[in-house]
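Me: I should like to learn how to read the features of a protein model. Could we go through one together, step by step?

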Amino acid sequence: MKLKVFTAESVSPEDFYDRDWEGHIVEEIVRLLGGKASYRIVLNDELLCRAIKTASDNDYDVFHLSCHGSEKGIKLSDKTRISWEELADHFQKAKNLPKALILSSCVGGDSGIARAFTKRKRRPQVIFGAEAKEKKHLLTFPGACISWPILYTVLTTRGMNPTAFKDAVNKMNQITPHRFVYRRWDKTKYRRYPKHHFRREGTTCGAE
């Protein structure tokens, strides 16, 4: 399968200085696998919206968003905080929604993003990220650089199907302390895999 992955990265000043730009890793691995990759640094909300529109207009399969975040949402380079509800709203005007939204932030796998999209008319088929209840589980730059090549290799060789996503989650969780989760839209709700990691009260997600 030839993947089309658009990566938008909102780095902090410290990350920028240290050259901790995981977007370059994602871009190069997708290209090495024979896919199409675009990479942009989005410093503010305006550029994030522009990136979403560009990915939509060019019908990318995956929108990979790398940034800092928390259980409430994400934070951009200019320190703008965007709630999960606001992020879901950003995708509502897109011409074509990505099949998969990959959230590479400390708590990008939080159930809040799934709840936000569930309440809206349009949503990606898959939401993928990492949960964390303890500091040791927060997504790190080295962890991301090790983990994302696994995901994209599996999706390229096996396709963007539930079995492939589950296999990728299992492999990624075995090699780092991070807790990646995969959510798939199923008619009225997102189904979550694996079903036992840090399940929060009030989630609208069922077991995969």
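Reply: The dialogue below takes up strands, helices, empty spaces and backbone angles in turn. Please keep in mind that this is a predicted model.

Me: Let us begin with strands. In which sense do β8 and β9 pair, parallel or antiparallel?

Reply: As a general idea, the strands of a sheet pair through backbone hydrogen bonds, in either a parallel or an antiparallel manner. Here, strand β8 (residues 126-131) and strand β9 (residues 179-186) are antiparallel, and six bridges join them. Within this pairing, Phe128 is placed opposite Tyr182 in β9.

Me: How many bridges link β9 and β10, and which residue in their hairpin has a positive phi?

Reply: Strand β10 (residues 189-193) pairs with β9 over five bridges, in the antiparallel sense. Arg183 faces Arg192 in β10 as its opposite residue. The hairpin has two residues between the strands, and Lys187 in this hairpin adopts a positive phi near 70 degrees.

Me: What is the order of the strands in the three-stranded open sheet?

Reply: The order is β4-β5-β6, with antiparallel pairing. At the edges are β4 (68-70) and β6 (81-83), each of which pairs on one side only. On average, neighbouring strands of this sheet are turned by 25 degrees against each other, direction ignored. Between strand β5 (residues 73-75) and β6 there are three bridges, and Ile74 stands opposite Ile82 in β6.

Me: I now turn to helices. At what angle do α6 and α7 pack?

Reply: In general, two packed helices are described by the angle between their axes and the distance between the axes. In this model, helix α6 (residues 141-158) packs with helix α7 (residues 162-175) at about 155 degrees, and their axes are 9 Å apart. Angles over 145 degrees count as roughly antiparallel, and α6 and α7 are therefore roughly antiparallel to each other. The crossing of α6 past α7 is right-handed.

Me: How does one find empty space in a model, and which residues line the largest cavity?

Reply: Rolling a probe the size of a water molecule over the atoms shows where empty space is left. The count here is one cavity of 30 Å³ or more, and the largest cavity holds about 40 Å³ of space. Its lining consists of Ile52, Ala55, Ser56, Tyr60, Phe63, Phe91, Ala94, Asn96, Leu97 and Pro98. Helix α3 (residues 45-57) contributes the most to this lining, namely three residues. By class, eight of the lining residues are nonpolar, two are polar and none is charged.

Me: What is the volume of the largest pocket, and which residues lie nearest its centre?

Reply: The largest pocket has a volume of about 250 Å³. Of the 16 residues in its lining, Asp15, Glu22, Cys67, His68 and Phe141 lie nearest the centre. The lining of this pocket comprises six nonpolar, six polar and four charged residues.

Me: Finally, I should like to understand the backbone angles. Which peptide bond is cis, and where is Arg19 found?

Reply: As a rule, most residues other than glycine have a negative phi, and most peptide bonds are trans. In this model, the peptide bond from Tyr193 to Pro194 is cis, with omega near -10 degrees. Pro194 belongs to the loop between β10 and β11 (206-207). Arg19, although not a glycine, has a positive phi of about 60 degrees. Arg19 is located in the loop between α1 (13-18) and α2 (22-32).

Terms used. Residues numbered from 1 in each chain as written. Predicted model: local features only at pLDDT ≥ 70, side-chain atom pairs only at ≥ 80, totals over all residues. Heavy atoms only, no water. 1 Å grid on protein atoms, 1.4 Å probe; cavity = no way out; pocket = protein on both sides within 12 Å on 5 of 7 lines; lining within 4 Å. Points joined across faces, edges and corners; volume = space filled by probe spheres on them. Helix = DSSP H or I, 4+ residues; strand = E, 2+ residues; numbered from the N terminus. Nonpolar A, V, L, I, M, F, W, Y, C, P; charged D, E, K, R; others polar. Pairing = 2+ DSSP bridges. Axes fitted to C-alpha atoms, helices over the stretch in contact; angles between N-to-C directions. Parallel < 35°, antiparallel > 145°, perpendicular 65-115°, else oblique. Left-handed = near helix turned anticlockwise from the far one by under 90°.
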